[in-house]
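Open the model in your viewer and keep the selection panel within reach. We will move from stop to stop, choosing something to select each time and then looking at what is there.

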Amino acid sequence: MNRPLKILVSCYACSPHRGSEPGMGWNFVKGLSKFHEVHVITEKEKWEKDIIAHLEKENIRNIHFHFIQKKRNRTLRKIWPPSYYWFYKSWQKKAFQLAKQLEKEESFDIIHQLNMVGYREPGYLWKIKKPFVWGPIGGTRNVPWHLFSVFNTYGKLFYGGRNVINSIQKHFLKRPRLAARKKNAKLIAATPDIQKDISQLWNRPSTTISEIGTNSPPMAIIPKNRIAGEPLKIVWSGQHTSGKALNILLRSLSLLSVDIKWQLDILGTGKETKRWKSLAQKLNIDDNCKWYGWIQKKDAILAMQNGHVSCITSLKDLTSTVTLESISLGLPIICLDHCGFAHVVNENCGIKIKIDGMESICDGFKKALEHLYHDESHRRLLSIGALERAKDFSWEGKVKKIDAIYSNLLDETADNS
């Protein structure tokens, strides 16, 4: 970019102290502020306190926050979770009104709809007559129907209903289509699969930039060796919900021969914790499982650092924060060839399992774990490869890609005018 730009970003979730969507929002807008003047519209109740306190401590220039309160009905949210979108849509309308006012005062070069990443709610800022960027975009993918045997009854109903509703919404929702097809606009897909969906649904090209990133430079990590005879330490981390499908890994571990020594460290908790603990007992593997529950970030990182391999079994995800956390710590990954982590994991840093069916998947995890147990030299090569792969997903690199998108968009806009 030849000159600093003035950019307006709609970033509903933004926090310097959180991961997932808030952390993604913060890292993108902070990175962009190194090159441009950035105005950020974000939610007031959840994020204002953290942001203001952080700005008072850190000398961060070229970034201006504008806070809007979102109305909430927590009781209704518990009764009917999708009611969240009613209040989120109302917040987006308020953000649009504020954006129009700010545009009159500032005259922005670019307007960017950053998060939340779900395609269902593109906001309204695309209506402003300025070059527009939307993304990373996610949420279009369904859980493959042939994998529903993994779920309990609730999971089948929940994800089955989601598949049906999602299939209808992505084809018939009006505003996502209008936002995607706006003139002088660029789209960003969170994963290669989402990129394909954007092309098929809206007939628009997009650039793939995952919604999560790693710190640059990466942490100074020395790949951990597994001493001969030491159990293979396996790490699994995430919310204990049906979609995370820890039961796949538990069934796979029960298939290992008795001469293979292993330990499974399970981080997180949730609705499925009790059921998964019962399954581990039923499979006679509970003595090898350590259940951490929710622990502080530093303790979770320490637990992962002590591991030899990370397993990801999610059936419904984008890239998943644990993916980049794992490779940043030098942990090889065994995962399904599915969702966004399939894009991150390559032959240099992990093993991907085809999603042919439950029995095939369990057998795939079993064979991958057996291989890494018996071939420490290959496991260590994958560990080194994981650290190298982490460099490809630095926040710094992502911001540079977005900066290039801005530059191309402005050039095309100038040519068209």
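Which residues form one aromatic cluster together with Trp145? Select Phe148, Phe151, Tyr154, Phe158 and Tyr159 alongside Trp145, and you have the cluster on screen. Before going further, please keep in mind that this is a predicted model.

**Stop 1: aromatic pairs**

The structure holds 15 aromatic pairs. Start with one of them from the cluster: Phe151 and Tyr159 are stacked, with 4.8 Å from centre to centre and 15° between the planes. Now colour these two by accessibility. Phe151 has a relative accessible area of 3% and is therefore buried. Tyr159 is buried too, at 10% relative accessibility.

For a contrasting geometry, select Trp236 and Trp276, an edge-to-face pair with 5.8 Å between centres and 80° between planes. This pair joins distant parts of the chain, since Trp236 belongs to strand β8 (residues 232-237) and Trp276 to helix α9 (residues 273-282), 40 residues apart. Buried or exposed? Both Trp236 and Trp276 are buried.

One more ring is worth a click. Select Tyr373 together with Arg226: Arg226 lies over the face of Tyr373, at 4.4 Å from the ring centre.

**Stop 2: the open sheet**

Trp236 has already brought you to β8, so stay there and show the strands around it. β8 belongs to an open sheet of six strands, ordered β10-β9-β8-β11-β12-β13 and paired in parallel. Which strands are at the edges? They are β10 (289-293) and β13 (350-353), each of which pairs on one side only. Turn the view to look across the strands: from one strand to the next, the twist averages 20°.

Zoom in on strand β9 (residues 262-267), which pairs with β10 in the parallel sense over four bridges. Within this part of the sheet, Ile266 stands opposite Trp291 of β10. Then add helix α10 (residues 297-305), which packs on the sheet and touches β8, β9 and β10. The direction of α10 makes about 160° with that of β9.

**Stop 3: helix α7 and its two faces**

Next, select helix α7 (residues 192-202) and look along its axis. Which residues of α7 are buried? They are Ile194, Asp197, Ile198, Leu201 and Trp202. These residues lie on the same side of α7 because they cover an arc of only 105° around the axis. The spacing follows a general rule: an α-helix has 3.6 residues a turn, so residues three or four places apart point the same way.

Rotate to the face turned away from the buried side, and you meet the exposed residues Lys196 and Gln200. Turn back and show what covers the buried residues of α7: this includes β5 (132-137), α5 (153-172), α6 (174-180) and β6 (185-189). Before leaving, step just past the end of α7 to Asn203, where phi is positive, at about 55°.

**Stop 4: Gln169 in α5**

Helix α5, part of that cover, contains our last selection, Gln169. Gln169 counts as partly exposed because its relative accessibility is 24%. What does Gln169 contact once its neighbours within four places in sequence are left aside? Its partners are Tyr119 and Arg120. Draw a distance between the C-alpha atoms of Gln169 and Tyr119: they are separated by 9.6 Å, though the two residues are 50 apart along the chain.

Conventions: Residues are numbered from 1 along each chain as its sequence is written. This is a predicted model: local features need pLDDT of at least 70, side-chain atom pairs count only at pLDDT 80 or more; totals for chains, interfaces and linings use all residues. Side-chain values use heavy atoms; hydrogens and water are left out. Buried means under 20% relative accessible area, exposed over 50%, partly exposed in between (1.4 Å probe, protein chains only). The arc is that of the directions from the helix axis to the C-beta atoms. Contact means heavy atoms within 4.5 Å. Rings of Phe, Tyr and Trp (its six-membered ring) pair if their centres lie within 6.5 Å; planes under 30 degrees apart count as stacked, over 60 as edge-to-face and the rest as tilted. A charge sits over a ring if NZ of Lys or CZ of Arg is within 6 Å of the ring centre and within 35 degrees of the ring normal. Two strands pair if DSSP finds at least two bridges between them. Axes are lines fitted to C-alpha atoms, for helices over the stretch in contact, and angles run from 0 to 180 degrees between N-to-C directions.
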